[in-house]
Each structure stands twice: as C-alpha cells, then as structure tokens.
Amino acid sequence: MLKNMNIQREKSKKWDDAKRGWYNYSRNFISVMGLVGILIIVFIAIFANYISPSPESAAVYVNFDEALQPPSLSHICGTDEMGRDVLSRIFFGLRISLYMVVIVLSLMASFGIVMGLIAGYFNNSYIETIIMRIADMLLAIPGLLLALVICSLLTPNITTAMMAMTVAWWPWYCRIVYGLTTSIKGEAYIWSAEVSGASYTHILFKEILPNCLSPILTKMTLDAGLIILTGASISFIGLGAQPPTPELGSMVSSGVKFLPEHWWVSLSPAFAIVIVIMCFNFIGDGIASMFEKGEG
Amino acid sequence: MKTDDVLTVDCLKKYFIIPQGTVKAVNGISFFVKRGETFGIVGESGSGKSTVAYVLSGIYRATEGNIIYKGKYDINKNFKKRSSKLKRDIQIVFQNPGSSLNPSKRIKEILENPLKCHNIGKKKNDREEKIVEVLEMVGLSTGYMYKYPWMIGGGEKQLVAIARALILDPSLILLDEPTSSLDVSVQAKVINCLIQIQKKFNLTYIFITHDLSLMRNVASRIAIMYLGKICEVAQSSEFFDNPLHPYTRMLISSVMVVSEEEEKLKPKDITSIGEIPSPINVPLGCGFYSRCPKIIEICKREDPSFVEIKKGHIVRCHLFKK
Amino acid sequence: MSKELLEIRDLHVGFKVFNGIAKVIDGVNIKLWPSEKIGIVGETGCGKTTTVKAIMRILSRNSLITHESKILFEGKNILKMNNSEIQKIRSNKIAMVFEDPTSSINPVFNIGTQLKDIYKYSLSYEENNPGKKELKDDFKPKVIQILKNVYLPDPKRIYQSYPIQLSGGMLQRVSIAMALINKKKLLIFDEPGTSLDVTIKDQIFRLITKVISEEKTSIILISHNLGDIRHIAERVYVMYAGRIVEVAKTKEFFDNPVHPYSKGLLLATPKLSGGLGEGISGHIPDYTNPPKGCRFHPRCKYRMPICSEKKPPLFNIDDSHQVTCFLFQNKGATINEN
C-alpha cells in the first residue's frame, strides 16, 4: 500500500515541478511571446514541405519569367533572381538554422559542461591547469575568426561551419561551469556526499550539475541567436552553405547586389534572422525566473 | 586503551599552509570519548573546534597525531581511503542547514543517496521503508519526502540533516553547531529529538558549540578550546560549578542569562577583554597570554601542560601546579 | 508625565509578493520615552526589523503602509515627512546599527573616509550650519576621538584600515562609532552581536551600556535572544507574527511572563544552571494568508474558540504589564485603550 502511494506521489511531484516552472516562466509576458514565436518557427521548419507556397524553390529551380517580382499575394516576400519564391526559401532556411542551433548547442554545451565540471572539481591540480589553459587559448582568439579559419581550411559547407563554431565556443561553457563548480564544491552538501562515499560521477552530474542549470540554460538560449548569426555570417562570406542551399545568411548575401530596388531579396531573410534571434532572447529572459526558488 | 572508549585522539594537529604563513587550526589536542556519552567541545571562532570535527569525519587529513576508533582502527585517513564500514559508522551534521542539503534535490533523494552509495537495500522499496523509518525517528511526517529544502524551515532542514546522518546506522555522530542558526523554540525541539535518539540507540555524540547554556544541557563531559588547544576538560556539572582556567571563567561570565539563579553561577572576578589573536604564526608561550588578566612571568615563555585537579577534571594553566 | 520621544501607533505594513499581499505588521503600538531603553524580542520573521525599518523609512519598494499608521517622533509623523526632513532625522536624531557589520560597512573605502563623510553630511543638516568652508580641516582629530570613545585600540591605524582588515568585533564598534558621530536622540540596535563571539558580544554590550548612560540616549534593542534583552532593556515588547503580544518591565517579564508564547520562549531557552524545556511546535504563519483572530492560536496549547475568531485586544495585567491574549479576559483584566 505504502509503495503504491509513494509511486503515485512521485509522479505527481514531477508534474508539480513542471507546473511551478511554467508558473514562474509565464509571469513574464515577453518570455511567453518568445516561446510562442519559437514554437511557430519550429512548426514551420518541420512542416516546411507542406506549408510553403512553392517547395521546389528550395532546390534547384529556375524560372526566369518570375524573377525579381516584388512582394505580392502569390509571393508574399517576392522572388529572387532565379525566380524562386523567397518565402518558401526562408521556411527551408529556418529548418537549416534550427538544425544548426540544435547540433551546435548540444555538442558545445555538453563538451564545455563536462570539461568545466572536471576542471572545477579537481581545481588546484594539473587537470584543471590543462583544461583551463586550453580553454583560455581558444578564448583568446575571436570566435568568428577562428570559425572562419577552420572553415576555410576544410571544405566549406554547413557541417564544417557547425564544427568550427563548436570548437570556438565550448570554452565559454567550460568557464561558466568551472566558476560555478568551484563555488558549489565548498558547500556542505557536497562534503556530505563525499563523506557518504559517493562516486565522482555521482557528485559531478547529480549533485553539482543540477545547481548550475539556470545560468547554463540562459546562456544556451542567448547562444542560439549567436549561432544563427554566425552561421549566417559564415555563409554570407561564402564559406558555409553553398548555393542552392537556402540558408538565411547566404540568401542575404546573394541578395545584397540587388539592393535597393529589389530590397526584398536581401531584407526578407535578414528580417527572418532578426525575428528568430529575438524569440530566443526572449526565452532566455524567462529561463532564469523559471529556476527561481520560492522562499521557504 | 579501554575498550569502552569509542574514540581516542592523541596529539592531533592540523595545519593549513597559506601564503601568509601556517594556520595552526588544531595545535595538539588529546581526548577520549566513551561509548554512549555526549562529549562537548566549546570554543569561539578561531578555536579550531570545527576543524576537529572535519578531521574526525575524514574531510581533512590530520597533519600529525593518531585517532584510534574503537580501540582498533587508526582512522587518520581521508574519507576516500576509509573503509565502507568506517564511513557508515562516523557521521557528521553540519552547522548551516541551508547549505547542507542540495537545493535541487527532494528530501527523498537526499536521504536515499547515502543508501545507494553503500548499496544498502537492494530494492527501491527497502530503501523507501528505511527513509520513512528515519523520518519518523526525527519526528517528520512522510509528507516531507517530496519537498525541496527551500520549502521547509531551518529547523526542519536540520532534522533532515540528522535523519541523513542516522540512515546509515552510525555509532558516532559529530554535531558541528547544529542549532546555532536556529531560533530558540526550534532549537529546543531539535535538541530534545537528538537526546531521545541517543538514548534509544545508544549513540555517542561529539557536540560542538559556542553556546555554553546549551552545552550545559547536552554534554556529559566538556572540553574548552582556545587557539587550537584544549584548555580544560571536566564533567559537565563540575565544569560550571568550579571553572578553573581563566578563559573558561571569562567565557562563562560573558553569557547573557535569563534568570537570577544563573547570574549567581557566573564568575564575578573576570570580565572579557581583548580578542582572539590570529592563528597564523602563533607566538611562543600560552596562547591566552594576550587576554589573560592573571598572567605570571612564565606564561610568556612556556606553554603550560595538563594538570589533573580532580578525577576527570584537567586544566592546562601555569596557575595550577601538580 | 513627560512626552514620549517615539510613538508607533497602529502600524500596518504589508509587502506586495507574487501571490498576494503579505500583511506582515498588523497593528503595532510602541511607546518610547526619552532616555529609556526598550527591547523588542521575537523570533526570525516576526517583524521586528520591519518595524524599525519603517521608523527609519528604509523599507523596500514593494512595501505598503496604511494611511492610519502613525510613527510620531518628537510629535511629528515620520511617515508623512518629505525627503529633506527625513534626511535630517536620519543624520541627526535617529541612528541604526545593523546586524552584520561586515555587510553594513562599505568595503571599498577605508574607515576614516567613511566616518568623515558621515560627519560632514551630518553637519550640513545641523541647525546652525557655520558655512561649508569652515568644515574642511577639523575632521581627522574628531574622528580619531570618536574611535577612541568606542574603545578601539590604536585608532590611528584603524583610521587608515579597510574593513576587510578588521575583525567582526572591531567592525561592530566602528558601526557604533558611525551611529554616535553626533549626539542622537534615539539609537536602534538590530541584533548586535549575533554574528560575534560571546566574549566580544559581552564587550560590545558593555560599550553600549556605557555610551547610553553618558549620552542619555534612548535605545531600541532588537534581538531573538532573551538574555540580550534582559541585559540591557528596561521594558520588553514581545512580538509574534507582526503583533505585539506582551509588554512589561524587564524584571516583571522574566519573573512572570504571561503570554503562552513568551512562556514557551523562556522555557525553551537553555539555562546555565541546567534545564531545557520543550520547544513550541509549529512555525510562523504565512503572511499572505495569516490565521484569523489571534495569529498565535494554531500553535497555542491554551487556545479557545474565540482565539480563532477575533483579534485579541491589549489587556492590562497591571500598570506596566499588558498582554494580548483572551485568556486574560476571563481574569477580569481591563482592556488598554491607549
């Protein structure tokens, strides 16, 4: 009987956590707007095939009759120099942008967090020195520059761009987590876990890491915007996505030469970039308050 | 070595090396603790009492000295190197309840972790039963299992910390100022709970605090520390009826009491002056020299050694000779 | 009867929090005469610090004080004063010494600079301001004298030191020195000595006693420790959950506390002569949804049906001993109309 009651209670308590997290998050109207925006963007990205007016625009497609048409009812964002529907290309471009965000964030954050935990927990030892000095060296090089160098050395495409960003930015996560770990390490509950005989894995991932989540998640939402922007920048220069891939940055780049008469070719994808980044930033606002603990 | 002694500490020293010099946190202390008693260590900040607890529990390794547990094991080892049984047997309750419980974990997980680390209770249900049992021991209902530490008050957090210490069935519990941050009414509940549990399971406590009135009601034998060394050890009633060391008398006379009969117990010949000197680069001679109103010539040059005044009452002061 | 120095009349303070309004202070009445020392005792969260912060008008932005609340200092209502008047009060009439000296002294300036600043500032609010030019040089000797008055060893060295170089006891003396730079009518001490060692606390209390006996200042001492209150205060106010539950002269209070909460507190205090009672079960109420009637009734052993319905008024036990508890209605105590 006791067992059943407790299992029931355990499930309902996890739901309670989610409810409380949502309550705190939703207090901030801006964050909710950001969340709605991102959900719409994700929906568009997933179902781009079905909802875009002209899915073939994303691939090799040429229709010079309709080239450079201004925004109209049939082409809401106009068409580009190849006659492709800009809006459809934006939809597919969002797919690529989100794909980049997810992959780069997961790689960058997981590697950076693990390195930071290890360096922070074993501080004042050679482990910390090795990890943090490597991180320092990478941080000394401007991120975009490093990413561009890597891309230019290897075959320029989206995968290389993602790899380059991961290498350039994991040290930021390492540093944040390092700082948090060194301060949490001295707390009594960590001592208590050590004295009880917990393994290193348990202490790092189950005791220290949950207390670092708030700043990490906030940074991740801000980084999402940065990743999109950097990916777009890399593609703008021509080192990232190659034509005809509809990547937002390369769309902006190839549309620049048509400014200012055919402004929609360049500015529509630029505007899309701005909106996506803003939505991620708005979410970041709410993440911090989501983790706030109420007063006892 | 009596088999009745749970713990015998001999010339324990713990030094920390920092850029400014050597901090002699614990500078040669020796004492013994009998089974089932509450041994109290009283002292102010800088006396080294918390460091003693951390060395005994294995958080620090002593610089010098022997710690003999149950007459057999020398436990001067870091907690990583201690045996599983030893880790279970000696538990510690920390001073600050706010930082001794992981804020991102529920009480159930906090209590379950020690069991998991020692592989006690094969099935989840066995562990749950143990958790419920230990919560009952400290007087908390099962409803607390799914709460987070920030949802409960300081006293309840400390009760959870005590439950966590009890869940591994220890023999010796080190209590480092367990109620210092609690209000008086909550403190009384926590202390009464500790006393009941001790009687029921015949536990041995080492109780550390700076609050003399509390010590009077909790400890059976009391040692007073100053600047890393023990100044006086006596049975509880003897300690307050007949305090000998000038520091002991100074400390008792500084206590703010709430009744006339307590006022009578306070020594009238000494009032507190001065401050504890820095434990870095301690000078020669008696550590209390700078504040003692009863110094004699030898106090400046030589550190006194223990003298037994009565059975069970020892004091370390040049004013008392064999 | 001489006029009161400070009178708090029907103070109600609430705080806007996310799930409503926390009605923390609920009708507090306190009187303080010149040269009198009173103590406010109560546990964490009972509202003592909030009350004195209301006097100094340093409550946080989300605080709400009702219109009927009055805090009369020398006859004038502090709550209705404008900025310059309240600044004058803060520099020249009332001073507060906070609980934790390490966080109430600015860590980036040395002690001398801070004391000089306070002194200069206070002079500009003085009645006969001699003019700014004359204030230039005279500060250092005055500041050193003030540091000597609080028994700091080697005041010249302390003048140059930064807070981090000083111990807790010394910093507490420095904060007392800051409060005493000019003669004040009222000093408020918020848990002095909580973060200090017992022997240092004893020295600080002796300093406080000496200072007030010389200057004839009034004192409000706040503490959760009954021993501290007994040491200094002449009259005791016991607070629970934002209400005053008992008022008495110190000796009368410790010989004969009448409110169940006061009795519980005194019993739970460990005695040097041996004796530790039970605690009081339960905890302080949630201020956003406080208990109806007497706020202590959920924890009270002696509660009666009326306790959960009506707020108990202040009953007179005798001239200087009052209590808010319905237990005393039956014993024929009169209601205190003041």
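Select chain C first: of its 338 residues, 43% are buried. The model is a predicted one, and this tour goes through it chain by chain, then contact by contact.

**Chain C as a whole**

Colour chain C by secondary structure and eleven helices and 13 strands appear. Its radius of gyration is 21 Å, close to the 20 Å that the globule rule gives for 338 residues, so chain C is as compact as a globular protein of that length. Turned onto its principal axes, the C-alpha trace of chain C spans about 70 × 50 × 45 Å. Among contacts in chain C between residues at least 6 apart in sequence, those joining residues at least 24 apart make up 61%.

**The hairpin at the start of chain C**

Select residues 6-17 and 20-32 of chain C. These are strands β1 and β2, which pair in the antiparallel sense over ten bridges. Two residues form the link of the hairpin that joins β1(C) to β2(C). To see one facing pair, show the side chains of Glu7(C) and Lys31(C): Glu7(C) stands opposite Lys31(C), a residue of β2(C).

**The eight-stranded sheet of chain C**

Next, go to the open sheet of eight strands in chain C. Reading across, the order is β7-β8-β9-β3-β10-β11-β13-β12, and the pairing is mixed. Which strands lie at the edges? They are β7 (94-97) and β12 (315-318) of chain C, each pairing on one side only. On average, neighbouring strands of this sheet are turned by 20° against each other, direction ignored.

Within this sheet, pick residues 37-41 and 235-240 of chain C. They are strands β3 and β10, which run parallel and are joined by four bridges. Val41(C) and Val238(C) make a convenient marker here, since Val41(C) stands opposite Val238(C) in β10(C). As a general point, strands of a sheet pair through backbone hydrogen bonds, either parallel or antiparallel.

**Chain B as a whole**

Hide chain C and show chain B, which has twelve helices and twelve strands. A compact globule of 322 residues would have a radius of gyration near 20 Å, and chain B agrees with its 20 Å. The C-alpha trace of chain B spans about 70 × 45 × 40 Å along its principal axes. Of the 322 residues in chain B, 51% are buried. Of the contacts in chain B with a separation of 6 or more, 62% are between residues 24 or more positions apart.

**The four-stranded sheet of chain B**

Select the open sheet of four strands in chain B, which has the order β2-β1-β4-β5 and antiparallel pairing. Its edge strands, β2 (21-34) and β5 (73-74) of chain B, each pair on one side only. Strand β1 (residues 5-18) of chain B runs antiparallel to β2(B), with eleven bridges between them. One bridge to look for is that of Asp5(B), whose partner in β2(B) is Lys34(B). Now add helix α1 (residues 49-57) of chain B: it packs on the sheet, touching β1, β2 and β4 (64-69) of chain B, and its direction makes about 70° with that of β2(B).

**The nonpolar core**

Which residues touch the most other members of the largest nonpolar core? In this core of 266 residues, they are Ala163(B) and Ile206(B). Bring chain A back as well, for helix α4 (residues 86-121) of chain A gives the most to this core, with 20 residues. Then centre on Ala163(B): leaving aside residues up to four places away in sequence, Ala163(B) touches Leu111(B), Val134(B), Leu135(B), Met137(B) and Val138(B).

**Where the chains meet**

Show all the chains again. Two pairs of chains are in contact, and chains B and C share the most contacts. In that pair, 32 residues of chain B are in contact with 35 residues of chain C. Select α7 (184-201), α8 (212-218), α10 (246-253) and α11 (260-265) of chain B: each supplies at least two residues of the side that touches chain C. The largest share of that side, eight residues, comes from α7(B). By class, the side of chain B that touches chain C has 14 nonpolar, eleven polar and seven charged residues.

Move to chains A and B, where 22 residues of chain A are in contact with 26 residues of chain B. On the chain A side, α1 (2-26) and α8 (188-196) are the elements that give two or more residues. With eight residues, α8(A) gives the most to this side. The side of chain A that touches chain B has seven nonpolar, seven polar and eight charged residues.

Finish with chains A and C, which do not touch: their nearest C-alpha atoms are 9 Å apart.

Notes
Residues are numbered from 1 along each chain as its sequence is written. Chains are lettered from A and ligands numbered from 1 in the order in which they are written. This is a predicted model: local features need pLDDT of at least 70, side-chain atom pairs count only at pLDDT 80 or more; totals for chains, interfaces and linings use all residues. Two residues are in contact if their C-beta atoms, placed from the backbone, lie within 7 Å. Two strands pair if DSSP finds at least two bridges between them. Axes are lines fitted to C-alpha atoms, for helices over the stretch in contact, and angles run from 0 to 180 degrees between N-to-C directions. The radius of gyration is taken over C-alpha atoms; the globule rule is 2.2 Å times the number of residues to the power 0.38. A residue is buried if 20 or more other C-beta atoms lie within 10 Å of its own, exposed if 12 or fewer, and partly exposed in between; C-beta atoms are placed from the backbone. Ala, Val, Leu, Ile, Met, Phe, Trp, Tyr, Cys and Pro count as nonpolar, Asp, Glu, Lys and Arg as charged, and the others, Gly among them, as polar. A nonpolar core is a set of buried Ala, Val, Leu, Ile, Met, Phe, Trp, Tyr and Cys residues joined through C-beta atoms within 7 Å.
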